[in-house]
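Visitor: Please take a close look at one part for me: the largest cavity. Which residues line it, and what lies around it?

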Amino acid sequence: AFADLDTADDTTTDDTTTDKNNKKRRQQVVSIEATIIDTLSLMSRLHFAHGDPAKSVELGRETLRIRRSLLGDDHLSVHCTLYNIGLALQRVGDAEESLRHCAYFASKFTSAAAAAACVDTARLS
């Protein structure tokens with residue numbers, strides 16, 4: 001088996017195997033990051049539901065920061081997170097910032113059906 005390592009074909013196979021392993025590791029990291037984001041989002045919603053909107057805003061902003069870095073600004077999950085933060089900000093009493101978040105959310109949808117679908121998703125995220 002050791003002699004096979006010196007052949008060009010086996011080196012290619014080793015490189016391919018390494019590439020596949022690296023791809024698998026990257027996928028696992030992305031999966032872990034997605035789980036962390038979902039957990040933060042759910043924690044934010046729990047704090048909101050249990051009367052701690054300030055903590056909800058804090059966790060929501062961290063969720064938003066990570067989602068934007070991984071998904072970009074124009075992803076449904078980012079829009080839903082902004083909506084959730086807007087709701088929590090309203091409960092905190094920051095009407096101006098709440099309006100800004102909700103207006104951004106609303107500006108991303110051209111139909112009521114699309115916005116309603118996102119609102120349903122936001123309730124779960």
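Guide: The answer starts with the whole chain, goes to the cavity, and then follows its walls outward.

This is a predicted model, in which local features need pLDDT of at least 70, side-chain atom pairs count only at pLDDT 80 or more, and totals for chains, interfaces and linings use all residues. Residues are numbered from 1 along each chain as its sequence is written, and side-chain values use heavy atoms, with hydrogens and water left out.

The protein chain has five helices and zero strands. From the N terminus, the order is α-α-α-α-α. Helices here are DSSP runs of H or I with at least four residues, strands are E runs of at least two, and both are numbered from the N terminus. Of the 125 residues, 28% are buried. Buried means under 20% relative accessible area, exposed over 50%, and partly exposed in between, with a 1.4 Å probe and protein chains only.

Now the cavity. There is one of 30 Å³ or more. A cavity is a set of points on a 1 Å grid over the protein atoms alone, where a 1.4 Å probe fits but cannot get out; lining residues have an atom within 4 Å of a point. The largest cavity holds about 40 Å³, a volume filled by probe spheres set on points joined across faces, edges and corners. Its lining is Ser41, Ser44, Arg45, Gly60, Thr63, Thr81, Asn84 and Ile85. Helices H1 (8–49), H2 (53–71) and H3 (76–92) each give two or more of these residues. By class, the lining has one nonpolar, six polar and one charged residues. Nonpolar means Ala, Val, Leu, Ile, Met, Phe, Trp, Tyr, Cys and Pro; charged means Asp, Glu, Lys and Arg; the others, Gly among them, are polar.

Take the H1 side. Asp38 sits in this helix. Asp38 is partly exposed, at 41% relative accessible area. Its C-alpha is 8.0 Å from that of Thr63, 25 residues away in sequence.

Next, H2. Gly60 and Thr63 are among its buried residues. Its 19 residues should span 27 Å, and its end C-alpha atoms are 25 Å apart, which agrees. The expected span is 1.5 Å times one less than the number of residues. Gly72 follows H2 with a positive phi, near 85 degrees.

H3 forms another wall. Thr81, Asn84 and Ile85 are among the residues buried in H3. H3 has 17 residues and reaches 24 Å, close to the 24 Å expected. Just after H3, Gly93 takes a positive phi of about 105 degrees.

Ile85 leads from the cavity lining into the largest nonpolar core. That core has eight residues: Phe48, Val57, Leu64, Val78, Leu82, Ile85, Ala88 and Leu89. H2 and H3 each give two or more. H3 gives the most, five. Such a core is a set of buried Ala, Val, Leu, Ile, Met, Phe, Trp, Tyr and Cys residues joined through side-chain atoms within 4.5 Å.

H3 also takes part in an aromatic contact. The count is one aromatic pair. The rings of Tyr83 and Phe105 have centres 4.7 Å apart and planes at 40 degrees, so the pair is tilted. Tyr83 lies in H3 and Phe105 in H4 (residues 95–107), so the pair ties together parts 22 residues apart in sequence. Both are buried. Rings of Phe, Tyr and Trp (its six-membered ring) pair if their centres lie within 6.5 Å; planes under 30 degrees apart are stacked, over 60 edge-to-face, the rest tilted.

Notes: 1 Å grid on protein atoms, 1.4 Å probe; cavity = no way out; pocket = protein on both sides within 12 Å on 5 of 7 lines; lining within 4 Å.
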